[in-house]
Amino acid sequence: YFLGNYAVAIGDMCAGVSAGNSSTGHFYAFSNFSFSDTEGELENVWGAGFQIIDRTTRAIRGGKALLANGTIASDGDKATLNSYLGQCYALKALANYYLVNLFALPYSDANKSSLGLPIVKDEPVEVLKNVQRSTVEETYAQIVSDLTASETAFTAAGDAAESSAYYLGVMGLKALQARVYMSLGKYAAAEAAAKA
């Protein structure tokens with residue numbers, strides 16, 4: 001419901017790159033540009049995206065607690081945990097980036113004070129708690145903060161940092177940084193991340 005298909009395909013369907021299927025109804029309203037804010041695909045992307053944000057926030061909190069209380073003692077285990085923390089921060093930034101691009105206006109001087117996403121920093125959102133949307137600028141500030149935290153964790157992981165094509169490791173982080181900095185208009189930072 002997120003990057004397996006929906007969040008990636010919505011833009012293609014609306015742009016006419018792909019076509020929805022009228023026999024199943026799957027993305028059909030998007031292909032005809034006749035969708036509403038109650039479409040199931042949008043609800044699924046929102047729900048799946050916030051599950052990623054919630055679960056990575058919980059994993060980060062738990063991982064930091066393990067490091068702080070000494071439960072993880074060996075250098076090898078600390079490096080592995082830092083690799084996982086790097087992945088979690090990167091996934092959290094990725095989910096926020098896709099969601100802000102689907103459910104808010106593009107980042108610009110004119111739009112940065114418009115409504116963005118509810119911000120989830122260090123603590124997961126409590127069940128049934130009423131949350132407030134931040135601005136687009138605040139949402140991007142959280143994304144950049146998570147990208148920076150991811151890079152710090154991957155650096156602490158050293159050789160244990162994930163390098164598999166199946167996980168969001170250092171290379172994937174750099175690609176995401178390039179996209180985020182392009183969206184922010186920080187072209188030198190985007191170019192540096194892309195070259196890295």
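# A walk through an all-helix model

From the N terminus on, the elements of the chain you have open run α-α-α-α-α-α-α. That makes seven helices and zero strands. Keep in mind as you click around that this is a predicted model.

**Stop 1: the whole chain**

Start with everything selected and show the surface. The protein chain exposes about 10,900 Å², and carbon and sulfur atoms supply 54% of that area. Now think about what is hidden: of the 196 residues, 38% count as buried. Next, consider contacts between residues with a separation of 6 or more. Residues 24 or more positions apart account for 57% of those contacts.

**Stop 2: Thr-56**

Select Thr-56, which you'll find in helix H3. Is Thr-56 buried or exposed? Its relative accessible area is 6%, so Thr-56 is buried. Which residues is Thr-56 in contact with, leaving aside its neighbours within four places in sequence? Add Cys-88, Leu-91 and Lys-92 to your selection, and you have them.

**Stop 3: Trp-46 and Phe-103**

Time for some rings. The structure holds six aromatic pairs. For one of them, select Trp-46 and Phe-103: the ring centres are 4.9 Å apart and the planes sit at 80°, so this pair is edge-to-face. The cut-off to remember here is that planes over 60 degrees apart count as edge-to-face. Trp-46 belongs to helix H3 and Phe-103 to helix H4, so the pair ties together parts that are 57 residues apart in sequence. Trp-46 is partly exposed at a relative accessible area of 30%, and Phe-103 is partly exposed too, at 24%.

**Stop 4: Tyr-97 and Tyr-140**

Now pick Tyr-97 and Tyr-140. How are these two rings arranged? Their centres are 6.3 Å apart and their planes are at 80°, so this is an edge-to-face pair. Tyr-97 lies in helix H4 and Tyr-140 in helix H5, so the pair links parts 43 residues apart in sequence. Try hiding and showing the surface here: Tyr-97 is buried, with a relative accessible area of 5%, and Tyr-140 also counts as buried, at 3%.

Don't deselect yet. Add Phe-2, Tyr-98 and Tyr-107, and together with Tyr-97 and Tyr-140 you have one aromatic cluster.

**Stop 5: Arg-61 and Glu-123**

On to the charged side chains. How many salt bridges does a search of the whole structure find? The search finds seven. Select Arg-61 and Glu-123, whose side chains meet in one, at 2.9 Å from N to O. Arg-61 lies in helix H3 (residues 40-68), while Glu-123 is in the loop between helix H4 (75-103) and helix H5 (136-157), so the pair ties together parts 62 residues apart in sequence. Both ends can be checked on the surface: Arg-61 counts as partly exposed at 37% relative accessibility, and Glu-123 is partly exposed at 49%.

**Stop 6: Lys-174 and Glu-151**

Next, select Lys-174 and Glu-151. They form a salt bridge in which the closest N and O atoms are 2.4 Å apart. Why does this pair tie together parts that are 23 residues apart in sequence? Because Lys-174 lies in helix H6 (residues 170-184) and Glu-151 in helix H5. Look at how covered each partner is: Lys-174 counts as buried at 18% relative accessibility, whereas Glu-151 is partly exposed at 30%. The 18% falls on the buried side because buried means under 20% relative accessible area.

**Stop 7: Glu-191 and Lys-195**

Scroll along to helix H7 (residues 187-195), where Glu-191 and Lys-195 are four residues apart, so about one helical turn separates them. Their side chains meet in a salt bridge, 2.9 Å from N to O. Is Lys-195 buried or exposed? Lys-195 is exposed, with a relative accessible area of 68%. Its partner Glu-191 is partly exposed, at 43%.

**Stop 8: a small network**

For the last selection, choose Asp-109, Lys-112 and Glu-137. Here salt bridges link the three residues in a network. Show their side chains as sticks and turn the view until you can see each of them.

Notes
Residues are numbered from 1 along each chain as its sequence is written. This is a predicted model: local features need pLDDT of at least 70, side-chain atom pairs count only at pLDDT 80 or more; totals for chains, interfaces and linings use all residues. Side-chain values use heavy atoms; hydrogens and water are left out. A salt bridge is a side-chain nitrogen of Lys or Arg within 4 Å of a carboxyl oxygen of Asp or Glu. Helices (H or I, at least four residues) and strands (E, at least two) are DSSP runs, numbered from the N terminus. Buried means under 20% relative accessible area, exposed over 50%, partly exposed in between (1.4 Å probe, protein chains only). Rings of Phe, Tyr and Trp (its six-membered ring) pair if their centres lie within 6.5 Å; planes under 30 degrees apart count as stacked, over 60 as edge-to-face and the rest as tilted. Contact means heavy atoms within 4.5 Å. Accessible areas come from the Shrake-Rupley method with a 1.4 Å probe; for residues, only the protein chains shown count as cover.
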